[in-house]
Amino acid sequence: MRSKIFKWVVRVSRFGLAALFLFTAGAKLAIIPTFVENVGQLLSSSGIDYERWSWPGAIVVIAIEIVIALLLILPRTVRWGAVAGAILLTAFAGYALYYVYVLKGEPLECGCFGGIIASQLGVSTALRNLALLIPAFLVWWGYRKSERRIAMLETDSVIA
């Protein structure tokens with residue numbers, strides 16, 4: 001019984017994270033000019049040439065979120081998706097803390113959820129991202145090879 005509950009927790013975490021990354025990528029795409037401007041402000045405060053790197057930076061962030069979601073969805077790459085998601089969440093949490101405490105940055109709308117959910121870059125953003133490491137860890141640790149084989153067999157039978 002316990003193992004079945006844990007498997008469901010892992011599945012919910014896996015698909016929840018995939019949905020979250022797809023949602024955030026889609027929300028950013030919906031307001032791409034505003035998101036590019038937010039990225040430019042972050043780059044500018046870090047001393048990076050924002051005029052040159054705003055668009056490429058925004059596109060890379062969105063692309064990484066989509067790739068992570070796909071990695072979490074595909075049975076053969078679930079654990080890679082969990083690791084990549086954890087790295088992205090940790091990096092952004094670290095940058096949020098760096099922005100607030102080292103750069104002494106002014107409150108800035110990060111655009112993490114596009115224009116749908118307001119989210120200012122800072123401690124709350126860092127804490128949210130660090131909390132999302134829990135489901136990422138659960139997916140990495142709980143998604144076993146046997147479950148991967150079962151998922152691949154189910155996918156193969158659906159395709160056939």
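In the predicted model, a salt bridge joins the side chains of E65 and K28, with a nitrogen-to-oxygen distance of 2.7 Å. The partners come from distant parts of the chain, since E65 belongs to helix α3 and K28 to helix α1, and 37 residues separate them. In general terms, side chains of opposite charge can pair when their charged atoms come close. Both E65 and K28 are buried, and a search of the whole structure returns 1 salt bridge.

Helix α1 and helix α3 also take part in the nonpolar interior. The largest nonpolar core comprises 13 residues, and L17, F21, L72 and V139 are those with the most contacts inside it. Two or more residues of this core are contributed by each of α1 (2-30), α3 (50-73), α4 (78-102) and α6, and the largest share, 4 residues, is that of α1. When residues up to four places away in sequence are left out, L17 is in contact with L72, L132, P135, A136 and V139. A second core, separate from this one, has 10 residues and includes Y99, C112, L121 and A126.

Helix α6, which spans residues 133-142, has P135, A136, V139 and G142 as its buried residues. Viewed down the axis of α6, these buried residues fall within an arc of 155°, so they line one face of the helix. Two of the residues on the list, P135 and V139, are also touched by S13, which in addition touches L138, again with residues up to four places away in sequence not counted. S13 is located in helix α1 and has a relative accessible area of 10%; S13 is therefore classed as buried, the limit for that class being under 20%.

On the surface, a nonpolar patch is formed by F15, L22, L29, I66, L70, I73 and L74, which together have about 590 Å² of accessible area. At least two residues of the nonpolar patch are supplied by α1, and at least two by α3. One member of the patch, L22, lies in helix α1 and has a relative accessible area of 40%; L22 is partly exposed because this value falls between the 20% limit for buried residues and the 50% limit for exposed ones. Helix α1 thus contains the buried S13 as well as the partly exposed L22.

Key:
Residues are numbered from 1 along each chain as its sequence is written. This is a predicted model: local features need pLDDT of at least 70, side-chain atom pairs count only at pLDDT 80 or more; totals for chains, interfaces and linings use all residues. Side-chain values use heavy atoms; hydrogens and water are left out. Buried means under 20% relative accessible area, exposed over 50%, partly exposed in between (1.4 Å probe, protein chains only). The arc is that of the directions from the helix axis to the C-beta atoms. A nonpolar core is a set of buried Ala, Val, Leu, Ile, Met, Phe, Trp, Tyr and Cys residues joined through side-chain atoms within 4.5 Å. Contact means heavy atoms within 4.5 Å. Patches are made of residues with over 30% relative accessible area and no salt bridge: like charges are joined within 9 Å, nonpolar side chains (Val, Leu, Ile, Met, Phe, Trp, Tyr) within 5 Å. Accessible areas come from the Shrake-Rupley method with a 1.4 Å probe; for residues, only the protein chains shown count as cover. A salt bridge is a side-chain nitrogen of Lys or Arg within 4 Å of a carboxyl oxygen of Asp or Glu.
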